Each structure stands twice: as structure tokens, then as C-alpha cells.
Amino acid sequence: MTEAADDSSEGVSISPTGWALLGMLSGGAELSGYDIKKWINWAIRFFYSSPAYSQIYSELKRLERLGLVSSRVDAGVRSRRMYKITDTGLAAVTRWANDEAVEPPTLKHNPLLRVMLGHLHQPGRLREILTEHAAYAEQLHQAAATEARWTTEQPAWAYARLALQWSEQYYAAERDLALQMIKELDAVEETFGEGGLADVQFPVREYWYEVERRIAAEDSTGPDARD
């Protein structure tokens, strides 16, 4: 997967994954690509997409070419390349963390897309999808809670603990929303009747635009006028 470059640090073009890798190396310790992947899988996966090993190694090589990290081969039992952030790299990622605009999260919620298109599903299928999603959210909720608990003994992991605690609450809410939606399916299905899609006529396109105009007019009046 190709990421858009982030031209952030005085003309240095670095991808979002590159910044994340620099951030993980900012503690100063040497880490291998395998170490970094383990750290991502441990904590960051709850709120940020996890790059493949190939992408991690590719980004590390690129960061080294830019002089932001250095590397050496550790010829131990298992020969591995160790990476360490440079002073230039630490300065760059510090500038990025403090000065660059924070983009809002992009949500691609596949189960919710299926709900939006619920009229296409066979009887019971949407319940299956939401039940599976609730179980998935509960699994991540439990995992985040466990990993947050293991951060308490390390003061340097205090910020990681905040992120993991957020993840714990996020997935608990995601689970509860899915379960609530399952309860509400009966009322929605009654709207369509026994004939399903055949019993309901969808609005024509002109109606969509009329609704859009009404919403725009409502927004222009402000919340006080609507109340």
C-alpha cells in the first residue's frame, strides 16, 4: 500500500509510517525491524493500521538514506540490523510532533457500510455481520485492557497507557453500539415489511437534493434558532 508523502520537516518528505517509526525510535534505544513490528502489534494496532514487515524495512532504509536513522549489523546468534535515531532524526520528528497539523482520522467502517445497505441482505445476514463485529470489538477491548494494565510499571510508558486506555474504551463502545443496533433491527425490518425491498420505494434523486437544501437552511439558522 502506498502512502501519501508528508512534506513536513523543512523539505524532508516522509510518509505517515515513517514518522511513526521515528517516533518509536525516539526513546533512543536500538531496535530491529522485528522489534518495531512487535511494538506496533502490541499497542499501535488498536488505533493505527499496522504496516507489513516489508514496508517497515523499506521505510527504515529510506530514513537512513535521509540521515534520520543510523544502522549497524548485530552479528549475534541471529544476525540482525539494528536501527537508532540520529540527532537530526530526533529533531525532525520533534518538529513534526509539535508543529505539523494533525489530520482527522479516516473511518472506513465495513460493517456499518453493510448496515447502510441492509435492504440488500438476506434475512438474518445483517444480524450475523453485527454479531461477528461485536465479538471482534470485544476481543480488541479485552486485548487493549490487558496491554494497558502491563504499562503501569513503566513510567516511560505513561503516554502509551493513555492511548491503550482510550483503545479499551473505544472498543467497548464499538461493541455496545453493535449490540444496540442488533436490538433495533426488528423495528427497521418492519419498515420494509415481509416483501423486503419490493415493498419499499426509494426516494428519487430530486428528493435527495431537496433534503440537502433543507439541511443547509437549517445549518444556516444556527442551533439556537432550531431549538
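Helix 3, made up of residues 53–65, lies across strand 4 and strand 5 and runs at about 120 degrees to strand 4. That is a handy way into this structure, which is a predicted model. The protein chain holds eight helices and five strands. Read from the N terminus, these elements come in the order β-β-α-β-α-α-β-β-α-α-α-α-α.

A few totals set the scene. The protein chain has 227 residues, and 28% of them count as buried. About 15,700 Å² of the chain is exposed, with carbon and sulfur atoms supplying 55% of that area. As for how the chain meets itself, take the contacts between residues at least 6 apart in sequence: 53% of these join residues at least 24 apart.

Back to the strands that helix 3 crosses. Strand 4 and strand 5 belong to an open sheet of three strands, ordered 3-5-4 and paired in antiparallel fashion. Strand 3 (31–32) and strand 4 (69–74) are the edge strands, each pairing on one side only. Helix 1, covering residues 16–25, also packs on this sheet, where it touches strand 3, strand 4 and strand 5. The direction of helix 1 makes about 85 degrees with that of strand 5.

In general, the strands of a sheet are held in pairs by backbone hydrogen bonds, in a parallel or an antiparallel arrangement. Here, strand 4 is joined to strand 5 (residues 80–85) by six bridges, and the two run antiparallel. Within that pairing, S70 sits opposite K84 of strand 5, while V73 has R81 of strand 5 as its bridge partner. On the other side of the sheet order, two bridges connect strand 3 with strand 5, again in antiparallel fashion. S32 stands opposite M82 in strand 5.

Now for the charged side chains. Side chains of opposite charge can pair when their charged atoms come close. Across the whole structure, a search turns up 11 salt bridges. One of them joins R175 to E138, with the closest N and O atoms 2.6 Å apart. This pair ties together distant parts of the chain, as R175 is in helix 7 and E138 is in helix 6 (residues 125–149), 37 residues away. E138 counts as partly exposed because its relative accessibility is 22%, and the buried class is kept for values under 20%.

Two further salt bridges involve residues of helix 8 (residues 205–226). The side chains of E210 and R214 meet at 3.1 Å, N to O. These two residues are four apart in helix 8, so about one helical turn separates them. E210 is partly exposed, at 26% relative accessibility. R205 pairs with E206, and in this salt bridge the closest N and O atoms are 3.8 Å apart. Both partners are partly exposed: R205 has a relative accessibility of 48%, and E206 has a relative accessible area of 49%. Beyond these pairs, R127, D186 and E189 are linked in a network of salt bridges.

The surface has a nonpolar side to it as well. F47, Y48, L107, W166 and Y170 form a nonpolar patch there, and together they have about 530 Å² of accessible area. Y170 belongs to helix 7, which spans residues 158–192. With a relative accessible area of 31%, Y170 is partly exposed. That value is enough for Y170 to join the patch, because patch residues need over 30% relative accessible area.

One last residue worth a look is R45, placed in the loop between helix 2 (33–42) and helix 3. R45 is partly exposed, with 32% relative accessible area. Setting aside neighbours within four places in sequence, R45 is in contact with I40, L140, A143 and E147. For R45 and L140, the C-alpha atoms are separated by 9.8 Å, although the two residues are 95 apart along the chain.

Methods. Residues are numbered from 1 along each chain as its sequence is written. This is a predicted model: local features need pLDDT of at least 70, side-chain atom pairs count only at pLDDT 80 or more; totals for chains, interfaces and linings use all residues. Side-chain values use heavy atoms; hydrogens and water are left out. Buried means under 20% relative accessible area, exposed over 50%, partly exposed in between (1.4 Å probe, protein chains only). Contact means heavy atoms within 4.5 Å. Accessible areas come from the Shrake-Rupley method with a 1.4 Å probe; for residues, only the protein chains shown count as cover. Two strands pair if DSSP finds at least two bridges between them. Axes are lines fitted to C-alpha atoms, for helices over the stretch in contact, and angles run from 0 to 180 degrees between N-to-C directions. Patches are made of residues with over 30% relative accessible area and no salt bridge: like charges are joined within 9 Å, nonpolar side chains (Val, Leu, Ile, Met, Phe, Trp, Tyr) within 5 Å. A salt bridge is a side-chain nitrogen of Lys or Arg within 4 Å of a carboxyl oxygen of Asp or Glu.
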